[in-house]
Amino acid sequence: MHTIVSGIRPTGNLHVGNYFGAVINFLKLQNEEKCYFFIADWHSLTTAPHPSDIIANDYTILAEYLACGLDPEKCTIYMQSDVHQTLELYLYLNMLAYMGELERTTTFKDKVRLQPDNVNAGLLTYPTLMAADILQHRAWGVPVGKDQEQNMEMARIYAKRFNSTYGVDFFPLPKSLASNGDSAVKIPGLDGSGKMGKSEGNALYLRDDEKTIRKKVMKAVTDAGPQEPHSEMPEVIRNLFTFLEIVSDKETNDFYRAAWDDCSIRYGDLKKQIAEDLNAFIAPIRERIEEYSSDRAYLERVATAGAERARESAEATLREIRSIVGFPPYRG
Ligand code: TYM
């Protein structure tokens, strides 16, 4: 059995991009492997949430994880901030991380552009904290979407550098696991921008009600329509078809593909179809989110049991790491 780790930052509600880029794969893997799925609340500090929002945000994602079908009997679900061992490994990895490579990551460069007045060291070392999340469980695989590829490459670099610095074969090199076979998934935005995301302001949330979903989908950017049969699809239209692929059945997909090919396609109908199928998919999840959110005692039990299991796993790894790095077992 392989060890699998992944996390999501609690910066709001889960959106369709999180679901089809990552969570859908969590659901499959929890039946097959030893899985640790966490809520990356330390990572969310880079966007400076108000202290009073942190716990609420953690519980929001926990309820949404459970509503999507993560099963605490099958996988370990925990809050990142409950496992203090991560921070010790973060320190060791920071000693192996070069300034140049951290400064060159695209996520860092993006953040510097977005928040030039707060370019803190936590932002710079975001990838080493992420590597610590993964390596503390000596994970073999990490289910993530396409936007995490560079961070995953860094995690492999640090695993390799640790092994070679200390002459050990301790960390496996963690693989990115795509929900879509080999190629990492990117769920687009419907506003013509590259990806769906909270900070892009274009997300369809699992908590959105039917009307909101319909409104957002009907506003999706389109073009003038195909001018000749079998035209190549521009990106904005391909994006709409991506949604059709993830939520609609084969017959519906075939119908709209054929309509594109023979130029009879009506974007209004296509959008209505996508909105309807997205709503059918989201409705039961939304209901379960309400149920789990109202049972704080249960969420607390899940988080506590998860924290204990995650700490046990990280503690075992850290004991060995201390010895490899040259420290004695903890005194006292
Ligand atoms: P975060 O919180 O930005 O996103 C969580 C997961 O959702 C995926 N995702 C998408 N996939 C496809 N299309 C999209 N439009 C889309 N938007 C988001 C992301 O790829 C991700 O898998 N750094 C991580 C959190 C993290 C982590 C880790 C992940 C911290 N430590 C260790 C794995 C292992 C992040 O910010 O994800």
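These exercises walk through a predicted model and its ligand.

**Exercise 1. Find the residues around the ligand.**

Task: State how many residues surround the ligand, and which come nearest.

Solution:
- Step 1. Count the shell. There are 26 residues around the ligand.
- Step 2. Pick out the nearest. They are Arg9, Tyr126, Asp133, Asp147 and Ile187.
- Step 3. Sort the shell by class. It has 12 nonpolar, nine polar and five charged residues.
- Step 4. Look for the elements behind it. β1 (3-8), α1 (16-29) and α7 (126-135) each give at least two residues to the shell.

**Exercise 2. Trace polar atoms at the ligand.**

Task: Give the distances from the side chains of Arg9, Asn18 and Asp133 to the ligand.

Solution:
- Step 1. Start with Arg9. One of its polar side-chain atoms is 2.7 Å from a ligand oxygen atom.
- Step 2. Go to Asn18. Here a polar side-chain atom lies 3.1 Å from an oxygen atom of the ligand.
- Step 3. Turn to Asp133. An N or O atom in its side chain is 2.7 Å from a nitrogen atom of the ligand.
- Step 4. Now take the ligand's surface. Alone, the ligand exposes 710 Å², and the protein buries 97% of that.

**Exercise 3. Place Ser176.**

Task: Where is Ser176, and is Ser176 buried, partly exposed or exposed?

Solution:
- Step 1. Find the element. Ser176 sits in strand β5, which covers residues 175-177.
- Step 2. Read the accessibility. The relative accessible area of Ser176 is 32%. Buried means under 20%, and exposed means over 50%. Ser176 is therefore partly exposed.
- Step 3. List the contacts. Leaving out residues up to four places away in sequence, Ser176 touches Val142, Val144, Met152 and Arg156.
- Step 4. Compare chain and space for one of these partners. Met152 is 24 residues from Ser176 along the chain, and their C-alpha atoms are 6.7 Å apart.

**Exercise 4. Check the cysteines.**

Task: How many disulfides does the structure hold, and why does Cys68 form no bond with Cys75?

Solution:
- Step 1. Count the disulfides. There are zero.
- Step 2. Take Cys68. Its closest cysteine sulfur is in Cys75, 12 Å away, so the two are too far apart for a bond.
- Step 3. Take Cys75. Its nearest cysteine sulfur is that of Cys35, at 6.4 Å, and Cys75 is in no disulfide. A disulfide needs the sulfur atoms within 2.5 Å.
- Step 4. Add the accessibility. Cys68 is buried, at 6% relative accessible area. Cys75 is buried as well, at 3%.

Conventions:
Residues numbered from 1 in each chain as written. Predicted model: local features only at pLDDT ≥ 70, side-chain atom pairs only at ≥ 80, totals over all residues. Heavy atoms only, no water. Near = heavy atom within 4 Å. Polar contact = N/O pair within 3.5 Å; in protein donor to acceptor, adjacent residues only side chain to side chain. Areas by Shrake-Rupley, 256 points an atom, 1.4 Å probe, with all protein chains shown as cover. Helix = DSSP H or I, 4+ residues; strand = E, 2+ residues; numbered from the N terminus. Nonpolar A, V, L, I, M, F, W, Y, C, P; charged D, E, K, R; others polar. Buried < 20%, exposed > 50% of the residue type's maximum accessible area, 1.4 Å probe, protein only. Contact = heavy atoms within 4.5 Å.
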